[in-house]
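Here's a quick tour for anyone meeting this structure for the first time. Have a look at the sequence and the model, then read on.

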Amino acid sequence: MLAKGVQWNVGKVFHDNRLLYEFNLLPENDHAFPAFVNLQQPLFEKFLHEAIVKAQSQGAPIEIRGGNRIDVVVRHEDHVTIDVMTPDGPYVLEADWLVACDGARSPIRSMLGLGFDGRVFEDNFLIADVKMKADFPTERWFWFEPHFKSGDSALLHKQPDDIWRIDFQLGWNVDRQKELQPENIRARVSAMLGPNVDYELDWCSIYKFQCRRMDKFRHGPVLFAGDSAHQVSPFGARGANSGVQDADNLGWKLALVVHGLAPDALLDTYDSERVYGADENIANSTRATDFITPKSAISKLFRDAVLQLAETVPFARTVVNSGRLSMPCTYDGSPLNGPDVASFPARTRPGSPCPDALIGADWLLHLLGGNFTLLAINADVPTTFSAYGIPLSVLSVSGRDNKALVERYLGHATRAVYLIRPDQHVAARFEHFNAKAVAAALGRALAKELVDA
Ligand SMILES: O=C(O)CCc1cccc(O)c1
């Protein structure tokens, strides 16, 4: 995926024909992964499919059934029944769990009569994917009120296979049919790219968007993930990213519950943690959209004043909002979070996604893997440890001469012990290893306390 995707770090923000400022998404070293990988959804799905086929060949009990449509869902207390229609006729399936990843118009959500509430944005955006061998740098360029007059705002960024994605803000009440005429699209694109750039139109569409979410993502044995549970604007790339973050959160929890290693209550924390993540995404997405598409004369006055100031006054640049790029959220306040050491770096407090660091010739996130892990930095820990029937992976590393690791995980401390969840979020951290305290934190991260409370 990394090889196929287009990586970019630098973003430029323009007003009219003036560069207001540029930013770098990855100002710090010691990360295995780039800040941003641009990949079209069909390519992402292709890689997912390949991963599933590989897992199948290794014995994973996964079956992909194409051409199957769910027509009826009946939710029972501890299972679901679904009526499935196929080209060969219907059949009924009974399942302990159903994860609904059926998109923003989720038929499963509708069949269960569940709401999906939030704000509707009336601006229309035109996507024009163009194929060109252009000399533009691989950067994200965003224009407010562009001088080439192809829209109220415009966004340009590169995707794989020499495809460039352009989003033009068209405004309210547009004539969709007229706007989608190739000659009208070409007029906008050519005005933007200039007269000497050769390109082909690859794919075009007009979209409006909403920022909304379901009230709850868990409804008994039915769990909603991705766009079926929440929807945001494209700005900030929070849509697909948050769907992957949902899967990351749900996968390990569901596995532990299915295997009888954690109580059902652990799945309630899928709901609380991912609703928290969705609210952060919706807040960011709504703020960006309000800045890009001011809804009143006073908002526009404010927006334009900020843009004007941003050219010369650095503080105003922090207010300019063309989309804050997606980051995994910190689950502050999660009931799964265990003890903390206040003097350790805030960035790795319980609930945080682990930042990467180079460990010898390898990377920390790679070494952490997908199990509960005890990460010991300059600290004594046993080589094996298990509790509640779960063997922890133990990773003992030295902080000596490792500036990034020390900065991110120790701060001014000389040693630390972290309990890391399978989704690589911090569950708890300690000044030194104590078997009872670690076992208690693991119990908490498994939602055992929620049952006993
Ligand atoms: O750079 C961004 O803010 C995201 C750009 C994006 C992502 C997905 C679709 C789309 O039209 C634009």
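A polar contact here is a pair of N or O atoms within 3.5 Å. With that in mind, keep in view that this is a predicted model. We'll start at the ligand, then visit a glutamate, a glycine and an annotated stretch of the chain.

**Around the ligand**

- An oxygen atom of the ligand is 2.8 Å from a polar backbone atom of Gly236.
- The protein covers 85% of the 330 Å² of accessible area that the ligand has on its own.
- Two elements, β12 (153-159) and β13 (163-171), each give two or more residues to the shell around the ligand.
- Side chains join in too: a ligand oxygen is 2.7 Å from an N or O atom in the side chain of Arg140, and a ligand oxygen is 2.8 Å from an N or O atom in the side chain of Asp167.
- If you'd like the whole cast, the residues around the ligand are Ile127, Arg140, Leu155, His157, Arg165, Asp167, Pro234, Phe235, Gly236 and Ala237.
- Sorted by character, the shell holds five nonpolar, two polar and three charged residues.

**Glu273, a charged residue tucked inside**

- You'll find Glu273 in helix α6, which runs over residues 265-292.
- Is Glu273 buried or exposed? With a relative accessible area of 2%, Glu273 falls under the 20% cut-off, so Glu273 counts as buried.
- The side chain of Glu273 has polar partners: the side chain of Asn249 at 2.8 Å and the side chain of Ser334 at 2.6 Å.
- Setting aside neighbours within four places in sequence, Glu273 is in contact with Asn249, Lys253, Tyr331, Ser334, Leu336 and Arg421.

**Gly226, a loop glycine**

- Gly226 sits in the loop between β17 (222-224) and β18 (230-231).
- Loop or not, Gly226 is buried, because its relative accessible area of 10% is under 20%.
- Which residues does Gly226 touch, not counting those up to four places away in sequence? They are Gly243 and Asp246.
- Gly226 and Gly103 are 123 residues apart in sequence, yet their C-alpha atoms are 6.9 Å apart in space.

**The annotated stretch**

- An unreviewed UniProt entry carries the annotation "domain: FAD-binding" for residues 32-280.
- Over residues 32-280, the chain is 30% helix and 31% strand.
- The end C-alpha atoms of that stretch are 26 Å apart.

Definitions and conventions: Residues are numbered from 1 along each chain as its sequence is written. This is a predicted model: local features need pLDDT of at least 70, side-chain atom pairs count only at pLDDT 80 or more; totals for chains, interfaces and linings use all residues. Side-chain values use heavy atoms; hydrogens and water are left out. A residue is near a molecule or strand if one of its heavy atoms lies within 4 Å of it. A polar contact is a pair of N or O atoms within 3.5 Å; within protein, one must be able to donate a hydrogen and the other to accept it, and residues adjacent in sequence count only if both atoms are side-chain atoms. Accessible areas come from the Shrake-Rupley method with a 1.4 Å probe; for residues, only the protein chains shown count as cover. Helices (H or I, at least four residues) and strands (E, at least two) are DSSP runs, numbered from the N terminus. Ala, Val, Leu, Ile, Met, Phe, Trp, Tyr, Cys and Pro count as nonpolar, Asp, Glu, Lys and Arg as charged, and the others, Gly among them, as polar. Buried means under 20% relative accessible area, exposed over 50%, partly exposed in between (1.4 Å probe, protein chains only). Contact means heavy atoms within 4.5 Å. UniProt positions are given in the numbering used here, feature names are shortened, and annotations may be inferred rather than shown by experiment.
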